[in-house]
Amino acid sequence: MFHATQIEQRKSKRHTINVPVDLLYENKRYPAQVMDISAGGAKVVFERKTLPEHCAITIDLPFLNQLPATVVWVNGKHCGIKFKDEQNRVNEFLYNLATYGTD
């Protein structure tokens with residue numbers, strides 16, 4: 001469920017995107033789509049199943065390669081992830097995405 005306190009916690013603007021990614025957890029790859037992203041985190045939807053809440057993961061983004069993150073909420077096939085202090089790298093990804101797209 002979405003709470004008003006979650007809005008207050010966001011320090012960066014969210015950007016709507018639809019980018020395929022892999023999330024790495026316990027030496028396995030989980031295909032997913034990033035639905036929106038900010039410098040602090042992202043909303044992800046899985047093809048099959050999601051990951052446990054509060055688990056440490058690595059997200060493999062185009063232009064950015066691997067970035068450490070944590071799953072902070074889960075709702076069905078959707079989850080929210082928080083990046084681990086990598087705002088400059090995420091901002092670079094957003095710039096490259098806007099400039100070059102995903103093709």
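Colleague: Which strands does helix α2 lie across, and at about what angle to β1 does α2 run?
Modeller: This is a predicted model. In it, helix α2 covers residues 87–100. The strands α2 lies across are β1, β2, β4, β5 and β6, the last of these spanning 78–83. Relative to β1, the helix runs at about 125°.

Colleague: How many helices and strands does the chain have, and in what order do the elements run from the N terminus on?
Modeller: The secondary structure comes to two helices and six strands. Read from the N terminus on, the order of elements is α-β-β-β-β-β-β-α.

Colleague: What do the six strands form, and in which order do they run?
Modeller: The strands make a closed barrel with antiparallel pairing. From one strand to the next, the twist averages 45°. The order around the barrel is β1-β2-β3-β6-β5-β4.

Colleague: How many bridges pair β1 with β2, and which residue of the hairpin turn has a positive phi?
Modeller: Strand β1 takes residues 15–25 and β2 takes residues 28–37, and the two pair in the antiparallel sense over nine bridges. Within this pairing, His-15 stands opposite Ile-37 of β2. The hairpin leaves two residues between the strands, and the turn residue with a positive phi, about 50°, is Glu-26.

Colleague: Which residue in β3 stands opposite Val-34?
Modeller: β2 pairs with β3, residues 41–46, in the antiparallel sense over five bridges. A hairpin of three residues joins β2 to β3. Opposite Val-34 stands Val-44.

Colleague: What is the bridge partner of Ile-57 in β5?
Modeller: Strand β4 (residues 56–61) and strand β5 (residues 65–75) are paired in the antiparallel sense, with six bridges. In β5, the partner of Ile-57 is Ala-69.

Colleague: Which two residues touch the most other members of the largest nonpolar core?
Modeller: In soluble globular proteins, nonpolar side chains tend to be buried together. Here the largest nonpolar core holds 27 residues, and those touching the most other members are Ile-37 and Ile-81.

Colleague: Which element gives the most to the largest nonpolar core, and with how many residues?
Modeller: The largest nonpolar core has 27 residues. At least two residues of this core come from each of β1, β2, β3, β4, β5, β6 and α2. The element that gives the most is β1, with five residues.

Colleague: Which residues does Ile-81 touch, not counting residues up to four places away in sequence?
Modeller: Ile-81 is one of the two residues that touch the most other members of the largest nonpolar core. With residues up to four places away in sequence not counted, Ile-81 touches Gly-40, Gly-41, Ala-42, Val-44, Ile-57, Ile-59, Ala-69, Thr-70, Val-71 and Val-72.

Colleague: Is Leu-51 buried or exposed?
Modeller: Leu-51 is in the loop between β3 and β4. Leaving aside neighbours within four places in sequence, its contacts are Leu-23, Tyr-25, Tyr-30, Phe-46, Ile-57, Val-71 and Val-74. Leu-51 and Leu-23 are 28 residues apart along the chain, with 9.2 Å between their C-alpha atoms. Because the relative accessible area of Leu-51 is 3%, and the cut-off is under 20%, Leu-51 is buried.

Colleague: Where does Thr-50 lie, and is Thr-50 buried or exposed?
Modeller: Thr-50 lies in the loop between β3 and β4. Apart from neighbours within four places in sequence, Thr-50 contacts Val-74, Gly-76, Lys-77, His-78 and Cys-79. Its relative accessible area is 17%, and the cut-off is under 20%, so Thr-50 counts as buried.

Colleague: Why is Cys-55 not bonded to Cys-79?
Modeller: Both cysteines are buried, Cys-55 at a relative accessible area of 8% and Cys-79 at 0%. A disulfide needs sulfur atoms within 2.5 Å. The sulfur of Cys-79 is the closest cysteine sulfur to that of Cys-55, yet too far for a bond, because the separation is 7.9 Å.

Colleague: What share of the residues in the chain is buried?
Modeller: The chain has 103 residues. It exposes about 6600 Å², of which carbon and sulfur atoms supply 48%. Buried residues make up 35%.

Colleague: Among contacts between residues at least 6 apart in sequence, what percentage joins residues at least 24 apart?
Modeller: One pair distant in sequence is Leu-51 and Leu-23, 28 residues apart along the chain, and the two are in contact. For the chain, the percentage of such contacts that join residues at least 24 apart is 47%.

Methods
Residues are numbered from 1 along each chain as its sequence is written. This is a predicted model: local features need pLDDT of at least 70, side-chain atom pairs count only at pLDDT 80 or more; totals for chains, interfaces and linings use all residues. Side-chain values use heavy atoms; hydrogens and water are left out. Two strands pair if DSSP finds at least two bridges between them. Helices (H or I, at least four residues) and strands (E, at least two) are DSSP runs, numbered from the N terminus. Axes are lines fitted to C-alpha atoms, for helices over the stretch in contact, and angles run from 0 to 180 degrees between N-to-C directions. Contact means heavy atoms within 4.5 Å. A nonpolar core is a set of buried Ala, Val, Leu, Ile, Met, Phe, Trp, Tyr and Cys residues joined through side-chain atoms within 4.5 Å. Buried means under 20% relative accessible area, exposed over 50%, partly exposed in between (1.4 Å probe, protein chains only). Accessible areas come from the Shrake-Rupley method with a 1.4 Å probe; for residues, only the protein chains shown count as cover.
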